[in-house]
Amino acid sequence: MSRGNRSVRPKLGQEGVLGRLTYFFSRAMANLRQNVFVSAVTVGTISLALLIASLFLLVYVNLEGMAEGWSDKVQVTAYFDQEPPPLAVAALKERVQAIPGTAKVVFVSQVEAEKRLRGRLKGQESLLEGITPDVLPASLEISLDRKHRENEAVSAYVRSLKQISGIAEVQYGEEWVKRFNSFMNLFRLMGALLGGFMTIAVLFIVSNTIKLTIYARKEELELLGLVGATRFFIKAPFLIEGVLQGAAGAVISLVALLGCYFAFLKNAGNFLGINPASAGLSFLPNSHLVAIVFGGVLLGFIGSLTSLKRFIHV
Amino acid sequence: MSYQAETTALTDINLKIPKGDFVFLTGQSGAGKSTLLKLLYAELSPTRGQVLIDGVNLTRVPRSQIPFLRRSIGVVFQDYKLLPNRTVLENVAITLEVLGWGKRDIGKKVFHILKQMGLEDKINSTPLRLSGGEQQRVALARALVNDPKILIADEPTGNLDEENKEQILALFKEANIRGTTVVVATHDRRVIENSHRRVIRLEKGRILEVPDVQG
């Protein structure tokens, strides 16, 4: 059934990758305009889901930071049997500093120790009658770096500290360290579980919303197939729409998060009194913000891709 | 052609439609008219047997090649399948967009065909604002805008009054005169009687009579 007298077709307007991309992009924009309500529902769902997830992330990041702050209290005190001569102190400090895991070393002389004790017992000086500085031992107060605050790392550190001659006793609040570390492990496990469930819920809600919105346009998908559109031609504008909706949803969720932060959370630290060291909760770091936008884009793309599979029969 | 093991929509169909022909496919509801048409534009594939269009065996063509085949076939669907949130212009333009035409050429060609259909003043209307006859003509414009080799129509006059029926039929004839092979499924006797074309009668999935090929 070939036909010789068929009119000559005009040149293709969208030749080349760029031309095609321009067409798909403009088609996606037109689709968004023509399906305002459906698009708004998708963007709204994505932003709400991401807002919940990012609120969780904000609280988690702050709690983690706070807990890290508490771990600064993991401090090792090494007591000397006799106060070392002033010249030897620097050498001793250097030896301690050389042990892996040492963050900071402070020497507390017997005089200093007595001064501190007096300071603490202000108003009850009578208790200190007859006590001279040589009753209290001189010591080194050592802070550990973050990597060496775990139970076993602290024990190993203490063992090497004890090998230094002149150190009679080492104290480090063993029970506290253990409790603190098991709390941190529980906290991280809960965070991972909650975060995992939340991610699954967000994926489920968003992919189902996108599925419904694509279902609402299944006639369009069917018709495109019937007039000879290839699978890629049908999919591309929908995928671009998904990416745009995801990005818009993510940006809206971040704006809402910023609003919540300034309205309620910025001073929540003071209110709750959980971390007197900081003025309040801090906002998410930039890397997390980028990750949320990227997550939104990915949600939109994957949600559209999986939903389209069901409705394209070309 | 069977949908399920126990129901067979079409049996023993042996039919040849020559290039440039205009045939009516008739029969009662459920006779298999729509199924036969769907076989022609590859929406369905036969359980047994072959369908050849312009020498190409549709049953052997890879799935990925079907879209390219459909581009030479214009289809007017029973329910029109117009997209309600797109204008008349955009609805007709779809066929050319799929082919990768440029925006300006699409505009010209779509305006030209809509003028032929008497719809030039409805170009920016959405389908829901049009009458049944107008919607039917938009669907026909979409099917004909890329000058297809074959035009297939499923009950194109079903919901139309006499005046609109004649108008639509005249447009089919025009397309046929320009060289398009036309296959129309209808159970409207008056339409068939008035047009003096070849009629293929279907009953319970079988062809009852195929008159000799004329011209």
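Helices (H or I, at least four residues) and strands (E, at least two) are DSSP runs, numbered from the N terminus. The expected span of a helix is 1.5 Å times one less than its number of residues. This is a predicted model, in which local features need pLDDT of at least 70, side-chain atom pairs count only at pLDDT 80 or more, and totals for chains, interfaces and linings use all residues. Residues are numbered from 1 along each chain as its sequence is written, with chains lettered from A and ligands numbered from 1 in the order in which they are written.

**Exercise 1.** Compare the reach of helix α3 of chain A with its expected span.

*Solution.* Take residues 86-98, 13 residues. First C-alpha to last gives 19 Å. The expected value is 18 Å, and the reach is close to that.

**Exercise 2.** Sort the side chains of strand β1 of chain A by face.

*Solution.* The strand covers residues 75-80. A:Val76, A:Ala78 and A:Phe80 point to one face and are buried (20 or more other C-beta atoms within 10 Å of their own, C-beta atoms being placed from the backbone). A:Gln75, A:Thr77 and A:Tyr79 point to the other face and are not buried.

**Exercise 3.** Find the strands that pair with β1(A) (at least two DSSP bridges).

*Solution.* β3(A), residues 139-144, pairs antiparallel over 5 bridges. There, A:Ile142 is the bridge partner of A:Val76. β4(A), residues 167-171, pairs antiparallel over 4 bridges. A:Glu169 of β4(A) stands opposite A:Tyr79.

How values were computed:
A residue is buried if 20 or more other C-beta atoms lie within 10 Å of its own, exposed if 12 or fewer, and partly exposed in between; C-beta atoms are placed from the backbone. Two strands pair if DSSP finds at least two bridges between them.
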